[in-house]
Structures are given as C-alpha cells and as structure tokens.
Amino acid sequence: MNTKHDVLIIGGGPVGLSCAYYLLKSGRKVTIIDANEIGKGSGSGNAGHIVPSHIIPLAAPGVVTSALKWMLNPNSSPFGLKIRLDLKYISWLIQFAAACNEANVSRALEPMKTLGQLSAENFARIIAEEKFDCHYQTTGFLNLYKNQDAFDEARHEAEFMQKHGIPVSVYGKNQIADVEPAVREDVLGGVHFTGDAHLNPAVFLQLLGERIRAMGAEVHENTPVTGFESAEGKIRVVKTSVGEFEAEHVILAAGAWSPIVARDLRLNIPVQPARGYSLTASAIQNMPRQALILGDRRVAVSPLGNLLRVTGRLEVGEFSTTPNPLWIQRLENFAREYLRLDEKLDIKETWAGLRPVTPDGMPIIGRSPLHSNLTVATGHAMLGLSLGPGTGQVVAELVNGSETAFDLRPLGLERFI
Ligand SMILES: Cc1cc2nc3c(=O)[nH]c(=O)nc-3n(C[C@H](O)[C@H](O)[C@H](O)COP(=O)(O)OP(=O)(O)OC[C@H]3O[C@@H](n4cnc5c(N)ncnc54)[C@H](O)[C@@H]3O)c2cc1C
C-alpha cells in the first residue's frame, strides 16, 4: 500500500488536468492516475473551440426530430446511433429524448452561461500567466450557412443569445467573404459569436500537463483504475493495475469512461460516449481566419497555427476510438462544400475521441451523495475543453470547502437520483 495521498484525480483529460492545476495553486498535493498518457485522450484531437456562447445544452427542443431526419441519410448524417441491448443505455436514450424540451434549456441556461464565462476568463488568465504558446486566438466562432432556412433559424437563435448577453454579429452574403475570405461563393452568410476563442488543444494540454508536473503533481500514466473499496460513506482505497492508493479526497474525471470506472461505487452516473472524428492537415493556401462551424453539415474547422483541423460526427453509444477512414474522407468533402481548400490536403493525423454525454446535456460537477471524499467532474459532452478551467476552479473550491464561484446545485449528481 502506498502512503496516503492528498487529492487523487482519476483521469488526465482537460477536466482532470484543470482540477489538478487549481488544486495545486490552492496549496493541495495532487496525484493523477490515467489509464493512458495524460492530455492525450478525447481532449487532444478535438476542435479546440472555447465557446462561452454555447449556453444551450445538447438536450434541446428539436434535437430528436433533427437526429431522426439525419439518420434517413446515414452517409451524410452528422449524427449516428449505436444499437446496443443494454438497459442502462436504453434508459439513457429515453431520458435524453425526454429532456429535449424548453424546461431543460431554461434550467441549463444560467449554469452553462456562468461556467462558460468563468472558463473563458480562466483560459485567458492561465495562458497569459503561464505564457502558454498554444495558438490561442480570440477571433470568435463563425457559423456559416448555405441553406436559407438554416440561416434564418440561426439568425433567430442569435437574437435569443443576444438577449442572454452573448455577443453576436450576423453577416449577409455581401459581407461574409470580407469576414472569412476562405468561404466559397455560395455561402449565404454567417453568425459570428465574437466572444469565443480557439486554440490547439493538444499543445494546451501538453503545456498544462508539464506545468502541473512542475508544480509538484505525482503522475501515474498507463495505470487504469480497476475499482474501489469504500466503507462508512468514504472511499478507502482506489485499486489500480499497479496496486492500491489511499487518498484524503478522490476526484472522478474519467470522461466517457467514468461510469465504468465507478461501477462498484453504487452511484448512478448516467454518461454515454458520443464518438467524433478529426483530421489535421498542413496549413493550406486559404487558411480560415477563425474557428468555424459549417451549417447543416455540423462540421467544425479550426486554424491551429500551421495546421488546419476538421472535426465532426456525433455517434452516440460508440466506445471505440479508432478513426473511421470513410468518415474522415466525408469530413474533408463536407469542408470542401463551404471552403476553398487546396486540391489535395497533406493530412498529418486522423483521430477519434469520445464526448461524455449526460441525458440532460449538462455536466456533472459535485460531491458524491454517497461518499464524503469523492467529487465527480464529468459529462461535459461537446464542451469538455471549453468548460475545463471553470470546472477545475469550482472543483478545487469544493474540495477545499470554500465558497464556490457559483451555485453548483443544478450540476449535481443528485438530479439523476
Ligand atoms: C470530434 C470532437 C470534437 C470536439 N471539439 C470540442 C471543442 O471544440 N471544444 C470543447 O470544449 N470540447 C470539444 N470536444 C469534447 C471534449 O473533447 C470532451 O468533452 C473532453 O475531452 C472531455 O474531457 P474529460 O477530461 O472529461 O475526459 P477525457 O478527455 O475523455 O479524459 C478522460 C481521461 O480518463 C482516462 N481514463 C479512462 N479510464 C480510466 C481508468 N480506468 N483509470 C484511469 N484513467 C482512466 C482516459 O485515459 C482519459 O485521459 C470534442 C470532442 C470530439 C470527439
């Protein structure tokens, strides 16, 4: 048995590393355990978008109808669904469908907005204070449209966002090429969330990992957590492939794997994976100026210094992280519909990662209702990078028993009991 650790974090993705950073800053001793290498999992190949504008959760009105419509065209659908005869999964799907309503959006708006804003401010502060060179650009997040109905709907949504304090500019056909010269002529316009940003996530996470080690974190890589021993409302032992760890406090931040890791804790952590892909190519002639979303295709494009990244597809229930070459090719094809890409892309990397998704589309951040020394931080869906630094701050506050930056009750695990 190892000596007793202070705070032990399971998972070194954007959420776990952010928790480690803020805990170390507050004077705590931190141990991170990861099944693989820290900073290399679902956070590294993602689009790198930092989007405080995303205040509407994944479970929102119209999502189920859109998903069903998309599934009629499986070769071009941004959405996929794995059929699995697993009661927990089926129950999750039913709960998700039931949460796609106005009431869920209203419940989520305030916590999503506050956490998003806090995270965006924390990103700016970390990057400036730690002098991270990670291609961080505060040029906003531009949604492009080729379909008039989709553009009209987006304009309507932009008004809603503006009412909630999100800075938005809308550009028509005669302005869009000035704002984003990389677009094709048939792009009708765009909605620009000017308060958003992007960065190279792999570089940011690598620098954060190095900084955390320099601040004294003990890091155990390639060390999967295999179970727990708990008694009297506390976790006594964390079991791993290399032995047992004891800790004052444990943080579960294992992304889409969190329910599997926690299987012997008797906790209901309703998180399912939603796989997505990315391809990363060398810089092209017409590099986009800012982070983009390509309208109906729901494909994200990110200029990352001397690299161009295209990401997309949301496949609910898929656990494998092997990139599917067919979808990688389709993502490139979809990007070509909107952008003037080079005739041949020099592809450097293809990737797949898992978004950890809850049935109401909001993250889970809070203490375990059954264990006084366990905090859960997972379920950030498509925003785990974006919401990482805010999550890290409030988790550190929780663990330290200080007042949290905002009311975390709407994000607690209790909502699923
Ligand atoms: C295609 C795509 C594009 C995306 N784009 C964006 C974006 O632009 N902006 C954004 O904010 N988010 C984006 N996301 C979502 C984001 O990547 C995730 O929300 C984020 O990675 C979740 O972070 P996490 O730290 O909770 O989990 P993860 O990043 O999944 O990290 C979990 C860690 O836990 C470890 N682990 C698993 N099992 C065990 C175990 N048994 N023992 C110990 N450790 C274990 C894993 O190895 C991993 O390192 C995207 C995702 C995808 C797939």
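1. Start with helix 1. Eleven of its twelve residues are buried, so this helix is largely enclosed by the rest of the structure. Buried here means under 20% relative accessible area. The buried set runs P14, V15, G16, L17, S18, C19, A20, Y21, Y22, L23 and L24. Keep in mind that this is a predicted model.

2. The length of helix 1 checks out. Helix 1 covers residues 14-25. At 1.5 Å a residue, its twelve residues should span 16 Å, and the end C-alpha atoms lie 17 Å apart, which agrees. Just after the helix comes G27, with a positive phi of about 100 degrees.

3. Next, the strands on either side of that helix. Strand 1 (residues 5-10) and strand 2 run parallel, and four bridges join them. One pairing to look up is V7, whose bridge partner in strand 2 is V30. Together, strand 1, helix 1 and strand 2 form a β-α-β unit, and the unit is right-handed.

4. Strand 2 spans residues 30-33. Which way do its side chains point? V30 and I32 point one way, while T31 and I33 point the other way. In a regular strand, side chains alternate between the two faces of the sheet. Here all four, V30, T31, I32 and I33, are buried.

5. Strand 2 has a further partner, from much later in the numbering: strand 9, residues 218-220. These two strands also run parallel, joined by three bridges. Look at T31 for an example: its bridge partner in strand 9 is E218. Strand 2 thus pairs with strand 1 through four bridges and with strand 9 through three.

6. Now the whole chain. How many helices and strands does it hold? The secondary structure comes to ten helices and 20 strands. Of the 417 residues, 55% count as buried. Contacts between residues 24 or more positions apart make up 77% of those with a separation of 6 or more.

7. Overall dimensions come last. A compact globule with 417 residues would have a radius of gyration near 22 Å; the chain has 21 Å, which agrees. Taken along the principal axes, the C-alpha atoms fill a box of roughly 65 × 45 × 40 Å. The chain exposes about 17600 Å², and carbon and sulfur atoms supply 51% of that area.

Technical notes: Residues are numbered from 1 along each chain as its sequence is written. This is a predicted model: local features need pLDDT of at least 70, side-chain atom pairs count only at pLDDT 80 or more; totals for chains, interfaces and linings use all residues. Side-chain values use heavy atoms; hydrogens and water are left out. The expected span of a helix is 1.5 Å times one less than its number of residues. Buried means under 20% relative accessible area, exposed over 50%, partly exposed in between (1.4 Å probe, protein chains only). Two strands pair if DSSP finds at least two bridges between them. A crossover is right-handed if, with the strands pointing away from the viewer, the path from the first strand over the helix to the second runs clockwise. The radius of gyration is taken over C-alpha atoms; the globule rule is 2.2 Å times the number of residues to the power 0.38. Contact means heavy atoms within 4.5 Å. Accessible areas come from the Shrake-Rupley method with a 1.4 Å probe; for residues, only the protein chains shown count as cover.
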